[in-house]
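The following note sets out several points on the model under review. Please read it alongside the sequence and coordinates shown here.

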Amino acid sequence: MSLARIFREHTQRRYIMFGGKGGLGKTTFSAATAYWLASQGKRVLVFSVDPQASLSDIFQRDIYGQGAVEIIPNLFAQEIDADSHIKAYQDQIRAKILDMYGLDEIPEEIESYIQAAAAEPAMEESAIFDQVVDIVVAGGYDYYIYDLVPLGHALYYLSMASVYDQWISKITALREQMREYEQMAARFQRKKELQEDMILAELQDIKYRIQTSSGILTDREKTAFFFVVVPEEMILIDTQKAAELFRKFDVPLSGYIVNRVLPEHLLKSPNLPEYLRNRYSMQQTYLDKIDSIFGGEVLARVNEMERDVTGLPMIERLADIMFADGGT
Amino acid sequence: MEEEKRTNWLGRIGRSLADYIYGMATHESTRFALKTRGSMEHLFILITMGDLLGVPILPPYYSLRLLPYVVPQIATWKRRMLREKDLTDALA
């Protein structure tokens with residue numbers, strides 16, 4: 001099975017994610033996949049959910065916080081600026097309070113709460129998580145490529161979604177119960193109309209947003225999640241553990257891509273240093289191991305390049321390797 | 001004509017009487033429903049805005065969205081929360 005074939009055979013899988021430990025090439029593969037799909041005439045958005053995003057670096061263009069930027073025809077890239085999103089969000093809350101109660105300024109106690117809430121560690125993740133919903137719901141692209149955060153964070157992200165979801169469900173239930181008492185009192189007092197519960201409406205909207213965001217991560221039909229590995233022992237062990245955890249969260253794993261493989265032609269060099277020869281044979285051991293563990297789930301082997309993958313020509317080269325069709 | 005007026009008048013008295021009896025009978029229930037509703041409101045604010053008392057419960061990103069709606073209740077809520085001996089009293 002090859003990567004190109006997966007894309008050809010499962011055209012309904014529109015949400016593409018690459019996961020793996022930090023520094024293995026998730027952003028690189030995200031960019032290369034976006035490039036390949038765009039060159040096939042698909043409209044693609046690659047966006048980063050990582051507060052330390054590096055799409056700007058790989059495309060060699062500053063796109064941070066600028067919305068979706070067209071890199072080449074059909075290829076759009078976006079880096080979410082969590083900080084300014086949070087600031088705008090806070091302002092929105094303030095404006096709403098002033099407007100609702102006709103105040104000139106926010107009461108001190110409320111203002112300090114607004115500020116303290118924004119300093120919470122989970123705030124940035126939540127803000128990005130929430131914005132993903134806007135991006136995905138807005139539509140307009142054939143493919144969405146998530147440039148994910150490293151493994152631990154991605155798991156945090158997933159568990160956060162399920163915890164949030166449970167919380168909101170509980171709170172919503174409480175709110176609904178409150179509504180019942182209110183209705184009961186209204187009936188006794190023979191009031192005909194009851195004001196709409198705005199909080200309940202907000203809670204239902206929050207729930208919808210969380211479910212949309214986490215629903216995509218676990219959608220078997222529409223989502224493809226690829227793991228990036230390199231032929232090294234520790235990476236291999238960690239990846240197996242992570243894959244297990246991801247399975248528990250029902251993330252649909254679509255396959256593995258092996259990165260940083262030393263090219264075979266090195267061996268032909270008559271004066272190959274001992275150091276490289278050792279690295280090469282070590283990699284062979286782990287490549288065999290990867291094949292025996294993941295078997296047909298290994299979709300591509302990508303050679304270690306002679307230089308960084310930054311800029312479009314390098315991205316194109318990498319895409320050619322990733323999506324080379326192994327005679328299928 | 002005269003007969004009709006009489007029935008109307010009687011009808012009005014009858015309705016008022018019914019309202020009066022109904023009011024007496026349901027007054028307690030109404031009070032109970034509103035009181036329960038009020039206690040739950042405080043519990044709700046505690047769950048969503050617990051941070052205000054140093055009890056972080058709901059992720060702050062989403063509690064901010066609810067904040068505007070509870071602004072008027074915050075002061076009474078804080079007073080009540082700090083007065084209550086036991087949180088479950090609020091539900092009794």
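1. Helix α8 of chain A covers residues 198-217 in this predicted model. Its length can be checked against ideal geometry: with 20 residues at 1.5 Å a residue, the helix should span 28 Å, and since its end C-alpha atoms are 29 Å apart, the two values agree.

2. Which residues of α8(A) are buried? They are Ile199(A), Leu203(A), Ile206(A), Arg209(A), Ile210(A), Ser213(A), Ser214(A) and Leu217(A). Viewed down the axis of α8(A), these buried residues lie within an arc of 125 degrees, and therefore they line one face of the helix. Met198(A) and Ala201(A), on the other side of α8(A), are exposed.

3. Helix α8 also takes part in the contact between the chains, to which chain A contributes 34 residues and chain B contributes 28 residues. On the side of chain A that touches chain B, at least two residues come from each of α4 (82-101), α5 (108-118), α6 (122-138), α7 (151-188) and α8. The most is given by α7(A), with 12 residues. Sorted by class, this side of chain A holds 24 nonpolar, three polar and seven charged residues.

4. A second helix of chain A permits a similar check of length. Helix α10 of chain A, residues 274-294, has 21 residues. The distance from its first C-alpha to its last is 30 Å, close to the 30 Å expected at 1.5 Å a residue. After α10(A) comes Gly295(A), with a positive phi near 50 degrees.

5. The domain assignment divides chain A into three parts. Domain 1 is made up of 3-84, 123-151 and 220-322, while domain 2 is 96-122 and domain 3 is 161-211. Between domain 1 of chain A and domain 3 of chain A, the C-alpha centres are 41 Å apart.

6. Some overall values for chain A complete the description. Its secondary structure comprises 11 helices and eight strands. The C-alpha trace of chain A spans about 95 × 35 × 35 Å along its principal axes. Chain A has 328 residues, of which 36% count as buried. Among the contacts in chain A with a separation of 6 or more, 75% are between residues 24 or more positions apart.

Technical notes
Residues numbered from 1 in each chain as written. Chains lettered and ligands numbered in written order. Predicted model: local features only at pLDDT ≥ 70, side-chain atom pairs only at ≥ 80, totals over all residues. Helix = DSSP H or I, 4+ residues; strand = E, 2+ residues; numbered from the N terminus. Expected span 1.5 Å × (residues − 1). Buried ≥ 20, exposed ≤ 12 C-beta atoms within 10 Å, placed from the backbone. Arc of directions from axis to C-beta. Domains from an automatic or database assignment. Contact = placed C-beta atoms within 7 Å. Nonpolar A, V, L, I, M, F, W, Y, C, P; charged D, E, K, R; others polar.
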